[in-house]
Amino acid sequence: MLCESQLRSDIRRFVIDELLMGDTSVVLRDEASFLETGTIDSTGVLEVVMFLESEFGLTVLDRELVPENLDSVDRLVCFVMRKKHAA
Amino acid sequence: MCGVAGFVHLEHRPVDSAALRRMTRALVHRGPDGEGYFEAPGIALGHRRLAVIDLADGAQPLCNEDGSVWVSFNGEIFNYLELRADLQKRGHVLRTRSDTETLVHLYEEHGLDFVHQLNGQFAIALWDAKRRRLVLARDRVGIRPLFHATSRDGTLLFASEMKALFAHGAVRAEIDPVAVGQVARLWVTVPPRTAFKGVEELGAGTMLIVEEGRRVVRRYWSHSFPDANDYEERSFDDWRDQLDATLHDAVRLQLRADVPVAAYLSGGLDSSILSALVRRERAGQLKTFSLAFEDARFDEREFQQRMVDHLSTDHRQVSVGAHDIGEDFADVVWFAERAMTRTAPAPLLRLSRLVRDSGIKVVLSGEGADEIFGGYNLFREDKVRRFWAREPDSQARAALLSRLYGYIDRDPKAEAFWRLFFRPGLEDTGDPYYSHRRRWENTSQIRRVFTPHFREQMQSDEALQAELESYLVPDRARWHPLCRAQYLEMSLFMSCYLLSSQGDRMMMGHSVEGRVPFLDHRLIELAARIPPKFKLRGLEEKYILRKSFSHLLPQSVASRPKQPYRAPIASCFSAGKSNLTARLLSREALARSGFANVQAMDKLMSRAGTGGLGERDEMAIATVASLQLLDHLFVQRSAHAQQEAPAHAL
C-alpha cells in the first residue's frame, strides 16, 4: 500500500536534489507550478517522467504527459496515487 | 610549437644527414624560426622551431648535463616553472629557461613515468643514449600529432606529420582503402591506422618505446568515469567551485608565453568564457579573432560582436565564402593528411592566416568543452532516444527530438520520416555504441559512392568493430550512458579529427600555436567525476559550465543554445569552379584514380547546383574530394617532390 506522506517526501526529495540541484535556499511549495517557477523547462518533463517510472514502476502514457499530472509536487502525488490505485 | 622528425635503427650505422634534413624541412610551416639536429650512430633527431618560450636559448634538440639524454619536442609544458623549481631542488643544472629542458631531467628522475608529471600538449622524441632507447610520447588527448613508419631495412622513422616521413625517401605514400572505409562510417580512422598504408599514428596518451630490438606500445593515460551508481556525494555548488578554480588555473597556466597570447571568439559559450577569463587574468589589450560566413546559415558574427563589445577586445575577423573554401581545400588536405567528411577545416586555415598576419603566434581556443561537459546534440539525442525506448509507441517522447533538430519542426510533413530515421535500434539500449550507432549507420551509406573494386578493399563491419574495440578501453558498460557517449566522442572524433584537422594542422599550416585550456587534464578528470545530471540537465547542455561562468558574459551569449560549427561543401566545388579540387572531381580525374563511381558523383554534383543535396550527400562529396586530393598531393607526387608544399599551398 502506497503511503501518501512517504510518496510526498520521496517526490520532494527528487525535486530538491535533482531539479533544484540541491539548492535548499529555495522554498519548495507543493502547489507551485514547476514551469512557472522555472524549476523545469518544457524538456525537463523528461527527468520527471524518468523518475516516476524508475522509482514507482509506472508507465506514463502519452495522454498523461500533461501539466495537470506533472507540473507540481501536489499534482505528481495525485497522479502517482491515482495510477497506483488503478493498477 | 614545433615540428619533430627523426629515425632510429638498431645497427650503429652512420646517419643519412641529408634524409634527416629533408624530413625536418618538410615541417618548416610548423617551425619557421629555426632548425636543429642531433645525430649519432643509429639515431637522428631533427627539430623545426616556433619560438614561444625562451626565445633566445630554447633551440632544440637539447640534452641533459652529460649529454646522455636528448630530446626533440613539439608542444608546451604549461607547468614547466613548477617542474624546473623542483628539479633544481633535486640538484639538476638547467641551462635554459625553456620548458623543453625539463623533459630530459624529468626522464632522468622518473624514467618512462616522466610523462605523468607533465601538464601540457606534446609530442616528444627522447633518446636515452646509455640504454640506446628511443621514447616517443604523445599528450593525453592527442593535441599534438606524431606518426611513425618502418622502412624495408627496419629503420623506424617518426615525425609530426606524415609528409616528413615520405620526404625521407624510404617510405612511399599509398592510400589505405580500409582507412577510407572507416572515415565513411566513423568519420575518422581508428589509431594507429592512418590514411596511408604502413604509416601509424601514435595514439593519444600513448608511448612507443624502442629498445634492444623490441618495440613496446604503452598507454599511460586514458579517459575514465565513475561507475554509474558511484558518484561522490557533493553539492552542485561544491562541484561548481572546483570547476571555477580548475578552469581559472588552466587558463592561468596556458597564458604562459614569451610572446602575446590571443583568443579565438566563435560567439559560442566556450570561447566566450575563455576570453572573459583571459581578460580577468591579464591586464592590457586582448586580441581576438573570429570567422564570419557569407552564408547566413553558418554565420555567428552577431554574437561575436556582442562579446567584443562586452570585453573591449582588439578584434579581427575574416569572412569566408564557398569560393574561398574551394580555393583552400587542397591546402587543407595537404596539412590534414586525411580523408574527411566535411570542409569545416578550410575556414579555420584562413583564420590562422589572419592570426599570423596580425603578428600573433599563440591563440587560445574553446575546443573540448562540448566533449567534457556534454554540449553536443548527440548527447541529447542519446538521452531522448533512451527515454523514448521505455515506451517505443509513444509519439510524445519521440517528439522531444524536435527540440534538438530544428528542421523537424520546420517541416511537419516529414515527421513520419524522421521518426523512422531515429527508430532503428531504439530498444537496443545496452549497445555499447548506442549513442553513435545511428550516426555511423547513416554515414556508412556514403560508401555507395565508391567503385565496387575500391569498396571490396574496405574491411567488413566485424573487422572494423574488432579494430575499434582494441582501440577503446573495456568495461565501459559500467558508466552512465552520457559518459559512454562522451567517451566515444572524445576518443574518436575529438582526438582523431577535431584536434588535428580543425586544430593543430590548420593552425600550424600558418605557424600558429593553438592552446586548449578546456583540455587541461585536471579539468578533464574533474569533469568526468561530475555527475551527469549536472552536465546535461533535462536537455539543457553544459549546465554546470553555463551556471558557473554566465556572470562573465552578456545574457544573450550565456543563454544561447549551441550552434554547430559547419561550412558549405558541394557549392565549393560545383560546376564552373576552377579550383584544384573541382578539377579533381571531373569525370576524367575520377575515372583515372578509380576510387569513386563516376556516374554516382555526376548525379551528386549535378544536384549540388539545385540545392537538392542532403547532409549525407554533402559528406560523400567531401570524402571523395579529400580522397582525390590525398592521392594527387601525396601518392602521385614523387617522394622528393613531397618535401615541399604544393605550389598552391601556403
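This report covers the nonpolar cores, an enclosed helix, two buried charged residues, and the empty spaces of a predicted model.

## Nonpolar cores

The largest nonpolar core holds 198 residues. Within this core, Phe114(B) and Phe373(B) touch the most other members. Helix 19 of chain B, residues 481-508, supplies the largest share, 16 residues. A separate core has 39 residues, including Leu401(B), Phe422(B), Leu426(B) and Leu539(B). In soluble globular proteins, nonpolar side chains tend to be buried together.

The surroundings of Phe114(B) can be listed. Beyond its neighbours within four places in sequence, Phe114(B) contacts Leu103(B), Leu106(B), Tyr107(B), Ile124(B), Leu126(B), Val135(B) and Met207(B).

## Helix 5 of chain B

Helix 5 of chain B spans residues 177-186. Ten of its ten residues are buried, so the rest of the structure largely encloses this helix. The buried set runs through Pro177(B), Val178(B), Ala179(B), Val180(B), Gly181(B), Gln182(B), Val183(B), Ala184(B), Arg185(B) and Leu186(B). Polar Gln182(B) and charged Arg185(B) are thus listed beside nonpolar residues such as Val178(B) and Leu186(B). The cover over these buried residues includes four helices of chain B: helix 16 (434-444), helix 17 (452-456), helix 18 (461-471) and helix 28 (615-635).

Both ends have a feature to note. At the N-terminal end, Asp176(B) acts as the cap. One of its side-chain oxygens lies 2.9 Å from the backbone nitrogen of Val178(B). Just after the helix, Trp187(B) takes a positive phi of about 75°.

## Two buried charged residues

Arg138(B) sits in strand 7 of chain B, residues 133-138. Its relative accessible area is 3%, so Arg138(B) counts as buried. What does the side chain of Arg138(B) reach at 2.6 Å? The partner is the backbone oxygen of Leu202(B). Leaving aside neighbours within four places in sequence, the contacts of Arg138(B) include Glu201(B), Leu202(B), Gly203(B), Ala204(B), Gly205(B) and Thr206(B). Phe122(B), Arg144(B), Pro145(B), Leu146(B) and Tyr220(B) are also in contact with Arg138(B).

Lys542(B) lies in a loop, between helix 21 and helix 22 (543-549) of chain B. Lys542(B) is buried because its relative accessibility is 3%, under the 20% cut-off. Its side chain makes a polar contact of 2.9 Å with the side chain of Asp270(B). Beyond neighbours within four places in sequence, Lys542(B) also contacts Leu269(B), Ala369(B), Asp370(B), Phe373(B), Gly374(B), Gly375(B) and Lys535(B). One of these, Phe373(B), is a member of the largest nonpolar core.

## The second largest pocket

The second largest pocket has about 1,200 Å³ of space. Its lining counts 45 residues. Nearest the centre lie Glu18(A), Glu47(A), His480(B), Pro532(B) and Lys533(B). By class, the lining has 18 nonpolar, nine polar and 18 charged residues.

Which elements each supply at least two residues of this lining? From chain A come helix 1 (4-19) and helix 2 (45-56). From chain B come helix 6 (236-254), helix 12 (377-390), helix 19 and helix 21 (532-535). Helix 19 also gives the largest share of the largest nonpolar core.

## Cavities

How many cavities of 30 Å³ or more does the structure hold? There are seven. Rolling a probe the size of a water molecule over the atoms shows where empty space is left.

The largest cavity has a volume of about 130 Å³. It is lined by 19 residues, with Thr189(B), Thr194(B), Ala195(B), Glu337(B) and Arg338(B) nearest its centre. Helix 5 and helix 19 of chain B give two or more residues each to this lining. Helix 5 has the largest share, three residues. The lining divides into twelve nonpolar, two polar and five charged residues.

The second largest cavity has about 100 Å³ of space. Its lining has 15 residues, of which Cys2(B), Leu50(B), Ile53(B), Asp99(B) and Thr100(B) lie nearest the centre. Two strands of chain B give two or more residues: strand 3 (43-49) and strand 5 (69-77). Strand 5 gives the most, with three. Six nonpolar, six polar and three charged residues make up this lining.

Technical notes
Residues are numbered from 1 along each chain as its sequence is written. Chains are lettered from A and ligands numbered from 1 in the order in which they are written. This is a predicted model: local features need pLDDT of at least 70, side-chain atom pairs count only at pLDDT 80 or more; totals for chains, interfaces and linings use all residues. Side-chain values use heavy atoms; hydrogens and water are left out. Buried means under 20% relative accessible area, exposed over 50%, partly exposed in between (1.4 Å probe, protein chains only). A polar contact is a pair of N or O atoms within 3.5 Å; within protein, one must be able to donate a hydrogen and the other to accept it, and residues adjacent in sequence count only if both atoms are side-chain atoms. Contact means heavy atoms within 4.5 Å. A nonpolar core is a set of buried Ala, Val, Leu, Ile, Met, Phe, Trp, Tyr and Cys residues joined through side-chain atoms within 4.5 Å. On a 1 Å grid over the protein atoms alone, a cavity is a set of points where a 1.4 Å probe fits but cannot get out, and a pocket is an open set with protein on both sides within 12 Å along at least five of seven lines; lining residues have an atom within 4 Å of a point. Grid points are joined across faces, edges and corners, and a volume is the space filled by probe spheres set on the points.
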